[in-house]
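Colleague: Could you take me slowly through the way the chains of this model meet, as one would for a student in the first year?

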There are 2 protein chains.
Amino acid sequence: MRKRIGFVLLLAGFLSTAQAQQVFTINAPQSPVQLRVENARDGALHYALQYKGQSIIRPSRLGFSLAKPQTELAAFTIERADSSLHDDTWSPVWGEQSFIRNHYRELRLSLRARNTNIQVQMVFRVFNDGIGFRYEFPAQAGFKHFILKEENTQFALATDNQSFWIPGDYDTNEYLYNTTKISEIDALSAAAKEKDIAVQSLIGPTAVQTPLMMKTPGGIYVNIHEAALLNYATMNLVLDKATRTFSSHLVPDAVGNKGYLETPAKTPWRTIIVSDKATDILASKTILNLNEPARIDETDWIKPQKFIGVWWEMHIGKGTWFLEGGKHAANKANVKKYLDFAAKHGFDGVLVEGWNVGWEDWFGNWKEDVFDFVTPYPDYDMAELTRYARQKGVRLIMHHETSGSVTNYERHLDEAFQYMVKNDINTVKTGYVGKIIPRGEHHDGQWMNRHYVHVAEKAAKYKLMVEAHEPSHPTGLHRTFPNWLANEAARGNEFNNAPALGITPEHQTILPFTRLMGGPMDFTPGLFHFKLNEFEASRTTVVRTTLAKQLALYVTMYSPLQMAGDLPEHYEKYPDAFQFIKDVAVDWSDSWYLAAEPGDFITVARKAKGKEAWFVGGITDENARNATVKFDFLPAGKTFVATIYMDGPAADWDKNPTDYEIVQAKVDRNTVRTIKMAAGGGFAIKIQAAEE
Amino acid sequence: MRKRIGFVLLLAGFLSTAQAQQVFTINAPQSPVQLRVENARDGALHYALQYKGQSIIRPSRLGFSLAKPQTELAAFTIERADSSLHDDTWSPVWGEQSFIRNHYRELRLSLRARNTNIQVQMVFRVFNDGIGFRYEFPAQAGFKHFILKEENTQFALATDNQSFWIPGDYDTNEYLYNTTKISEIDALSAAAKEKDIAVQSLIGPTAVQTPLMMKTPGGIYVNIHEAALLNYATMNLVLDKATRTFSSHLVPDAVGNKGYLETPAKTPWRTIIVSDKATDILASKTILNLNEPARIDETDWIKPQKFIGVWWEMHIGKGTWFLEGGKHAANKANVKKYLDFAAKHGFDGVLVEGWNVGWEDWFGNWKEDVFDFVTPYPDYDMAELTRYARQKGVRLIMHHETSGSVTNYERHLDEAFQYMVKNDINTVKTGYVGKIIPRGEHHDGQWMNRHYVHVAEKAAKYKLMVEAHEPSHPTGLHRTFPNWLANEAARGNEFNNAPALGITPEHQTILPFTRLMGGPMDFTPGLFHFKLNEFEASRTTVVRTTLAKQLALYVTMYSPLQMAGDLPEHYEKYPDAFQFIKDVAVDWSDSWYLAAEPGDFITVARKAKGKEAWFVGGITDENARNATVKFDFLPAGKTFVATIYMDGPAADWDKNPTDYEIVQAKVDRNTVRTIKMAAGGGFAIKIQAAEE
């Protein structure tokens with residue numbers, strides 16, 4: 001529902017001559033966020049952002065360079081200004097909460113480029129916790145198809161903020177985060193340390209990706225990202241250090257163009273989330289709100305899931321993806337072992353990687369015909385495993401590694417999905433490791449962003465759920481395509497096995513402020529084994545968390561699709577701790593971010609959807625620290641039993657990761673409890689009604 | 001069947017040290033063609049070709065430049081030389097004759113690059129009418145995936161031949177042919193005159209395409225082309241005028257690479273057909289013989305066809321492909337009219353262009369989502385037309401114009417083919433007008449060459465027949481994929497409507513020596529209306545043939561898929577002449593090229609497969625001339641009735657194209673008859689048993 005109300009724009013000069021400066025100031029109701037839009041006498045259009053009176057974004061240019069027609073959209077005449085107030089509440093198919101309020105004030109400026117008369121509309125939405133704005137190109141005579149040379153959106157930061165960033169790159173977002181002042185960003189040096197990333201396509205020394213998380217010297221948290229990235233290239237940001245101004249840099253296609261649009265067209269929303277509380281950033285639903293409602297009408301087949309998989313054993317050298325050599329993990333007997341384990345412990349699914357012919361020569365050669373997605377290796381008996389899974393009440397989860405050969409994947413997509421349906425499989429993990437085919441295209445270009453959506457849409461036709469590994473950064477599209485459950489799209493737990501940098505203990509305290517701003521991550525938590533030389537003595541890598549922190553990640557790393565990443569035999573060593581993974585929910589009616597500081601710690605509580613059960617997760621970085629949990633998210637008048645999985649007295653990610661304690665305590669909404677977290681540690685709590 | 005026989009290689013120095021020069025001379029049995037292969041002391045490998053003792057190709061280099069690994073394959077050691085004689089006969093599913101003899105001597109040189117030890121095999125086959133040779137890269141340790149920078153195959157012409165050429169181009173072969181000496185080739189000037197070609201991507205001033213037809217000053221006909229172009233880029237030729245040497249120039253991909261191969265790999269065959277009789281060039285089956293046998297086992301569903309179509313009326317302005325404007329041709333009533341006409345006159349099919357949504361905005365904008373291939377315009381009632389066609393015993397022929405957006409086509413291919421099957425349609429005409437998507441790829445690059453094959457292969461799975469418009473040049477792949485009936489891939493009859501150059505009267509006398517060397521062409525003959533301003537008075541274009549010549553093209557332009565291109569109402573004006581189109585066969589048990597000179601004239605006789613009926617076609621260029629037809633192709637001891645469709649006394653393509661005569665005569669194998677062809681004219685003969 002959209003209310004059109006006539007409210008008073010605070011403006012100077014509007015309706016005066018085109019040569020006059022025009023200024024619009026817009027607040028949301030009760031919002032500490034104030035947006036100011038100025039049209040200068042020469043037609044240059046700027047926006048600026050204040051939070052509680054403090055400047056966050058100084059006046060920053062808006063506009064476009066077009067390749068066809070070859071022109072600049074840089075000087076505008078404002079022909080009309082409309083504003084409206086919007087306030088409604090919607091329910092996601094799944095999510096962190098059952099109801100989401102979408103409450104904003106919109107300013108829509110109808111512009112005409114002074115040089116070409118091309119019509120553009122700038123739409124700004126001001127929420128309580130930030131803004132979103134985008135460009136719209138209405139249908140108009142003489143301007144239908146156009147090609148982008150660059151989007152010229154600027155973000156001029158008012159202060160030299162502490163920043164959590166990864167290098168700007170056309171092909172990968174699997175970097176560790178760097179924490180520096182804006183003035184200290186050095187993307188190429190940071191990228192040079194990254195030896196474990198399959199394909200790097202760096203942009204330049206000051207280019208970074210979004211979500212870009214920042215904290216001002218005055219303690220205000222600022223997050224820049226985008227929402228609803230549909231039919232458009234991914235935005236990177238290139239910094240001009242002299243003016244502390246980031247400019248949008250879109251990922252080009254094979255011939256250097258940055259987008260092919262046709263009126264009526266809309267860009268993604270450019271988002272700036274801002275608050276003086278770090279927890280508000282994590283709790284923000286602004287990016288989701290800026291996405292379109294679900295395009296799938298009937299959604300009862302879409303289910304949040306917990307799964308295990310034939311996966312980590314290949315990463316640590318126990319098995320192989322490929323057939324030859326006698327260690328092929330996706331063999332019938334081994335998969336049955338996983339199916340048995342899943343059935344016994346109540347998991348919904350078993351992912352099987354390496355099941356299909358092609359792994360013997362799958363990576364690094366820009367090879368087009370890699371996999372056909374329907375031909376199992378001879379030791380993988382699909383019919384028998386389908387039968388066995390059905391008998392066990394567990395679903396196999398399909399794996400479609402494309403090796404970046406996307407033309408090949410699209411050629412086989414219908415057949416591949418039909419094969420899934422035939423074999424009772426309703427979820428697919430896709431993967432895009434390697435240089436993209438069509439050659440010259442990038443993971444983050446418009447063509448690939450269209451591909452990811454195409455897969456989600458086609459999957460929906462077959463009632464299949466999707467999660468993608470190695471796609472471009474998520475931007476809240478799971479609202480529009482709720483069968484697209486999750487993505488990797490960042491450095492996930494598998495990088496514990498990467499020798500160059502691995503995963504630092506702070507990494508999981510940054511991801512929710514960056515990667516997860518766009519949507520759920522398939523981080524694959526739950527590693528219970530920390531020295532990764534068990535099967536190959538030469539391996540030097542270790543998991544840099546405690547076991548208790550691995551449990552906490554099921555709550556701190558929101559996803560409707562949660563893997564228990566480790567091997568069944570590793571879980572069997574710690575059945576009491578494993579119980580938390582078995583119990584934890586994957587869909588929530590509400591969430592409360594209790595404490596957070598990017599790079600340091602996060603504590604969040606969530607209520608399981610449809611159950612009287614709550615779960616709390618708390619994590620810290622490399623520093624031991626105490627978490628103080630107030631249980632005031634619980635309903636009044638009742639006492640509950642909390643089962644607390646916490647670091648033991650000697651716990652330490654490096655020296656003793658498996659030291660944990662499990663304690664039970666009665667709690668109610670007045671309970672306050674301090675929990676010690678070890679270095680690289682954390683805790684997880686399950687809360688349920690006390691036994692009658 | 002392959003016979004391995006030990007025959008004596010004429011060689012000097014073989015089995016001597018690697019530093020010695022090595023020379024191999026190889027003839028086919030009774031062949032006037034002699035191939036000489038030399039390995040110089042420095043390892044440079046050359047081949048040379050003589051015909052009846054005259055030098056045709058002087059010693060010409062062989063080799064490769066690789067991009068990955070970055071190296072030159074230019075100096076070789078010959079490790080082994082094998083030769084064999086091959087002689088067998090096979091039957092095509094359809095064709096110009098029922099049995100084809102494949103008779104050649106093969107020389108296989110096992111080479112090792114001196115700098116890298118990479119193994120290459122050069123395979124030469126010497127036939128009676130020319131040679132084919134190709135590079136093979138056997139499976140070998142340390143050399144699996146490789147990327148081509150260029151193939152360095154040379155063709156050093158011994159003499160400054162008269163040449164029939166079109167400009168080298170990555171995207172189109174729809175040029176008019178130029179006739180000059182080699183030394184006079186000026187591709188850019190020729191291309192600059194071509195204003196009616198949708199997309200040009202020129203290579204340079206001396207670049208030309210194959211098939212390149214030539215005639216030496218001594219009267220020997222030479223044709224350079226390629227065979228079995230599978231998983232490889234199309235070859236253009238770039239001339240060095242100083243040495244009169246053409247070098248292969250492969251079409252690059254979006255990033256400038258020219259091929260992605262994986263051992264074991266084979267290049268296409270490079271072919272040189274040579275004879276002192278022009279008719280031998282037309283009759284050559286060497287290109288077909290160099291292609292692989294049919295990959296389709298069951299072929300009874302593959303049928304040569306004659307069809308009409310809702311097509312030419314859009315070209316001449318009577319109707320439109322798009323819906324708006326009131327002239328939409330693909331409307332139910334109009335298509336029923338064509339179905340009635342087809343049923344009445346015995347045509348197999350009715351092509352309908354413009355039937356589907358998308359034509360309103362289909363061309364020129366590098367737009368990806370153009371057509372979905374399953375959504376008819378609202379005035380096109382697919383269900384009713386399917387029912388009506390079935391009732392009439394006629395097949396609709398599907399049209400899939402892609403607009404060059406091939407990624408989009410591949411996304412919809414399964415659905416599109418299923419839609420055809422559901423609607424009883426078994427043949428599709430594909431089209432590739434426009435710049436290719438994936439952007440940066442070209443019509444003639446490896447990726448697109450793989451696409452055309454992919455479509456043929458997928459179509460075969462659905463038992464569908466294909467013909468492509470605007471693909472790369474054919475190379476005999478219809479032997480391997482017999483459901484791939486024909487292609488356009490050259491300037492077809494539709495260019496009569498192109499104002500810049502149109503079609504010259506000589507064009508059809510060159511095409512069989514050039515374009516058709518690679519396979520059947522959907523030339524769409526049968527135009528009976530010559531001034532094309534009937535529906536739009538401003539049109540200035542005319543068809544530059546006589547009506548009799550249009551009939552002759554059904555015999556001279558071999559294709560198993562023949563359209564009667566003109567409008568039903570135009571055929572109804574000349575029912576006696578139209579009878580020839582109704583009668584002419586589309587599949588043949590034998591063919592006899594009786595007379596030919598490229599650019600001047602062609603006469604060919606063919607026997608209908610499975611029938612006691614023969615058809616003769618004769619055409620001339622802009623000059624009137626007499627054709628002398630010897631009927632000695634007829635069986636002995638019987639007299640037949642010939643119905644001769646010939647230019648009338650006043651016929652002239654320009655002044656009086658519709659003056660024709662139909663005469664009947666008794667003929668037997670001793671008959672010799674001289675037939676007058678008008679300027680731009682020709683004749684067609686149907687021969688059948690005399691009434692008892």
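**Where the chains meet**

Modeller: In this predicted model, the contact takes 32 residues from chain B, and 31 residues come from chain A.

Colleague: How much area is buried between chain B and chain A, and what share of it do carbon and sulfur atoms give?

Modeller: The area is what the two chains lose on being put together, summed over both. Between chain B and chain A it is about 2700 Å², and the share that carbon and sulfur atoms give is 45%.

Colleague: Which residue of chain A forms a salt bridge with D369(B)?

Modeller: Between chain B and chain A the count is 10 salt bridges. A pair is included if a side-chain nitrogen of Lys or Arg lies within 4 Å of a carboxyl oxygen of Asp or Glu. For D369(B) the closest N and O atoms are 2.7 Å apart, and the partner is R450(A).

Colleague: How many residues of the side of chain B that touches chain A are charged?

Modeller: Elements that give two or more residues to this side of chain B are strand 21 (259–262), helix 7 (406–422) and helix 8 (446–461). The residues of the side divide into 7 nonpolar and 9 polar, while the charged ones number 16.

Colleague: What relation is there between chain B and chain A?

Modeller: Chain B can be laid on chain A, with an RMSD of 0.0 Å, by a turn of 180 degrees and a shift of 0.0 Å along the axis. The relation is therefore that of a two-fold axis.

Colleague: Why can one say that the copies meet through the same surface?

Modeller: Interface residues of chain B can be compared with those in chain A. The copies meet through the same surface because the part of the interface residues of chain B that are also interface residues in chain A is 97%.

Note on methods. Residues are numbered from 1 along each chain as its sequence is written. Chains are lettered from A and ligands numbered from 1 in the order in which they are written. This is a predicted model: local features need pLDDT of at least 70, side-chain atom pairs count only at pLDDT 80 or more; totals for chains, interfaces and linings use all residues. Side-chain values use heavy atoms; hydrogens and water are left out. Contact means heavy atoms within 4.5 Å. Buried area is the accessible area (1.4 Å probe) that two parts lose on being put together, summed over both. Helices (H or I, at least four residues) and strands (E, at least two) are DSSP runs, numbered from the N terminus. Ala, Val, Leu, Ile, Met, Phe, Trp, Tyr, Cys and Pro count as nonpolar, Asp, Glu, Lys and Arg as charged, and the others, Gly among them, as polar. Copies are superposed by least squares on the C-alpha atoms of residues with pLDDT of at least 70 in both.
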